Amino acid sequence: MNITIIGTGYVGLVTGVSLTVLGHKVICVGRDPKKIRSINVGKAPFYEPGLEKLLKKSIAKKLLIATDNLENSVKTSDISIIAVGTPTVNNKIDLSFIEKASEQIGLALKNTEKYHVVVVKSTVVPMTTETVVKSALEKSSRKKIGQFGLCMVPEFLREGQAVKDALNPDRVVIGAIDAKSAEIFSKIYKKIKSPQIITNLRTAEMTKYAANALFATLISYSNEIAGICEAVEGIDAVDVWNGVHLDKRLSPTIGKKRIKPGILNFILSGCGYGGSCFPKDTKSLASFSDSLKLPTQIIRNVIDVNERQPERVIMLLKKAIGSLKNKKIAVLGLAFKPKTDDMRESPAFPVIKILLKEQANVVAHDPVSYKQGVPRELEELHISLAKDVKEAIGGADAVVIITAWGEYKRLTPTVLKKHMKTPVIIDGRRILSKDKFLKEGVMYKGIGFSA
Ligand code: NAD
């Protein structure tokens, strides 16, 4: 099939590349000429494991091109997939990119005879597809549903393993306005064995929010419990969660083997969730619920607990070293999670902002997020960026771990004692062995343990 993807970000490009692996021809429509040029020479404009290798192959086989010409792309395709951003502005979803993309697709459909299916893959609050998207399409195309098709297929890929997820999704939820749209869209994934759920547009939209809000809730619940653990000397949340995880309803035994389901990764304490999805999706869901005059007590508290986590990191740090004024603090990790360069809503930013307000000298390190050039959001901060971990921790009064990168897991007491001014570590992700560090004379504190 010939497919147009609007938006060349994490979802758009990964989806585009994976669809070429399934044998489709893809045109990725973007707005940034630099990104378009980069994609067309097989260079991914962001870091995602495995993406660049597949992109190069797709380009070489002429299965994928990038362009800014949306009209031509739509006219020559069977399906258009909208994968543009849906940020929150003032805690409410901003649908302007969705509306604009729908309008542009509609204009292209105006002069085409061929039946075309428009698919929303961006995360949008229930009823967006059948109100905002449908009306923009109908208005600018001067056609009615039936003359073109409409689906809402939420994306569940995880950054850091996005290519794997896109090629092997747990499920494909297809919300469709009519049977013909669903039938045409489901052909895209006919080579994939994953279960398909065919439903209506608003159920598909809600499924994505229910999933993300569930994971965010588990994280904030775990962090609330961690707060109680920190306040009582001798309790360590890591040991508490080990005990909880071994409930067979959470980690069942299959044969003689104990299974450790992925959900357990969300029932752990840390410095909070970030990224381009959980923070904005929980806020969008809460404000959508407000618009229905329904209070969302749980989700509001999930957001609140999460927004307080960075302060908890600072509280642990102050407990360890007192005043932060003129102290050198090494912040390890800027990406919101490992294996991505995505720093959107990373807890590193509120932590750094408090450190700067308290007049600390901040040296940050991340293995990928400024490797291809320093992004604007980092340039605007008055911090130094270290070329490696040793440079970051050299002469530091304390180290704060924000992202669970593999190389931070390999830090040892010897390395800290050798390079730091005073060996103090605040483990915001609980990735280091507390006992080992304490035994070797390092002052160790972490979320869920502060003795
Ligand atoms: P992103 O910001 O990385 O990419 C969006 C891209 O769309 C940008 O490059 C922007 O320039 C482009 N764009 C906007 N309007 C356009 C237009 N009219 N024409 C062409 N390009 C246009 O965003 P993302 O992370 O890829 O997320 C996209 C959507 O998918 C969001 O709704 C997000 O919530 C959802 N989602 C994201 C993830 C994730 O892990 N990133 C996972 C699941 C769902």
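## Exposure and a first salt bridge

Residues count as buried when their relative accessible area is under 20%, as exposed when it is over 50%, and as partly exposed in between. Arg 171 has a relative accessibility of 26%, so this residue counts as partly exposed. Asp 170 is exposed, because its relative accessible area is 59%. The two side chains, those of Asp 170 and Arg 171, meet in a salt bridge with an N to O distance of 3.9 Å. Please keep in mind, while looking around, that this is a predicted model.

## More salt bridges

The pair just described belongs to a structure that holds 23 salt bridges. Another joins Arg 249 and Asp 247, whose side chains meet at 2.8 Å, N to O. Arg 249 is exposed, with 74% relative accessibility, while Asp 247 has 27% and is therefore partly exposed.

Asp 342 and Arg 344 form a further salt bridge through their side chains, at 3.0 Å from N to O. Here the acidic partner is out of view: Asp 342 has a relative accessible area of 3%, which means that it is buried. Arg 344, with 41%, is partly exposed. If you prefer a group to a pair, have a look at Lys 134, Glu 138 and Lys 144, which are linked in a network of salt bridges.

## Around the ligand

Let us turn to the ligand. The shell around the ligand has 24 residues, and those that come nearest are Val 11, Thr 86, Thr 123, Glu 159 and Lys 280. By character, the shell divides into 9 nonpolar, 8 polar and 7 charged residues.

Several side chains place polar atoms by the ligand. For Thr 86, a polar side-chain atom lies 2.6 Å from a ligand oxygen, and Lys 280 also has a polar side-chain atom 2.6 Å from an oxygen atom of the ligand. Gln 104 faces another kind of atom: one of its polar side-chain atoms is 3.0 Å from a nitrogen of the ligand. On its own, the ligand has 830 Å² of accessible area, and the protein covers 89% of this. Helix H1 (10-21) and helix H5 (96-110) are the elements that give two or more residues to the shell.

## A nonpolar patch on the surface

Away from the ligand topic, there is a surface feature to visit. Ile 228, Val 232, Ile 235, Val 240 and Val 244 make a nonpolar surface patch of about 340 Å². One of these residues, Val 244, is found in helix H10, which spans residues 237-245. Val 244 has a relative accessibility of 31% and therefore counts as partly exposed.

## A buried glutamate and an exposed isoleucine

Glu 155 sits in the loop that runs between strand S8 (149-152) and helix H7 (162-167). With 12% relative accessibility, this glutamate counts as buried. What does the side chain of Glu 155 make with the side chain of Lys 121? The two side chains make a polar contact at 2.8 Å.

Ile 198 offers a contrast in character. This isoleucine is in strand S10, residues 196-199, and its relative accessible area of 52% means that it is exposed. Along the sequence, Ile 198 and Val 153 are 45 residues apart, and in space their C-alpha atoms are 9.6 Å apart.

## Two positive phi angles

Finally, two loop residues are worth a look for their backbone. Met 127 is not a glycine, yet it has a positive phi of about 85°. You will find Met 127 in the loop between strand S7 (117-120) and helix H6 (129-141). Its relative accessible area is 30%, so Met 127 is partly exposed.

Asn 326 is also no glycine, and here phi is positive at about 60°. This asparagine lies in the loop between helix H12 (297-321) and strand S13 (328-332). Is Asn 326 buried or exposed? Asn 326 is exposed, because its relative accessible area is 56%.

How values were computed: Residues are numbered from 1 along each chain as its sequence is written. This is a predicted model: local features need pLDDT of at least 70, side-chain atom pairs count only at pLDDT 80 or more; totals for chains, interfaces and linings use all residues. Side-chain values use heavy atoms; hydrogens and water are left out. Patches are made of residues with over 30% relative accessible area and no salt bridge: like charges are joined within 9 Å, nonpolar side chains (Val, Leu, Ile, Met, Phe, Trp, Tyr) within 5 Å. Accessible areas come from the Shrake-Rupley method with a 1.4 Å probe; for residues, only the protein chains shown count as cover. A salt bridge is a side-chain nitrogen of Lys or Arg within 4 Å of a carboxyl oxygen of Asp or Glu. Helices (H or I, at least four residues) and strands (E, at least two) are DSSP runs, numbered from the N terminus. Buried means under 20% relative accessible area, exposed over 50%, partly exposed in between (1.4 Å probe, protein chains only). A residue is near a molecule or strand if one of its heavy atoms lies within 4 Å of it. A polar contact is a pair of N or O atoms within 3.5 Å; within protein, one must be able to donate a hydrogen and the other to accept it, and residues adjacent in sequence count only if both atoms are side-chain atoms. Ala, Val, Leu, Ile, Met, Phe, Trp, Tyr, Cys and Pro count as nonpolar, Asp, Glu, Lys and Arg as charged, and the others, Gly among them, as polar.
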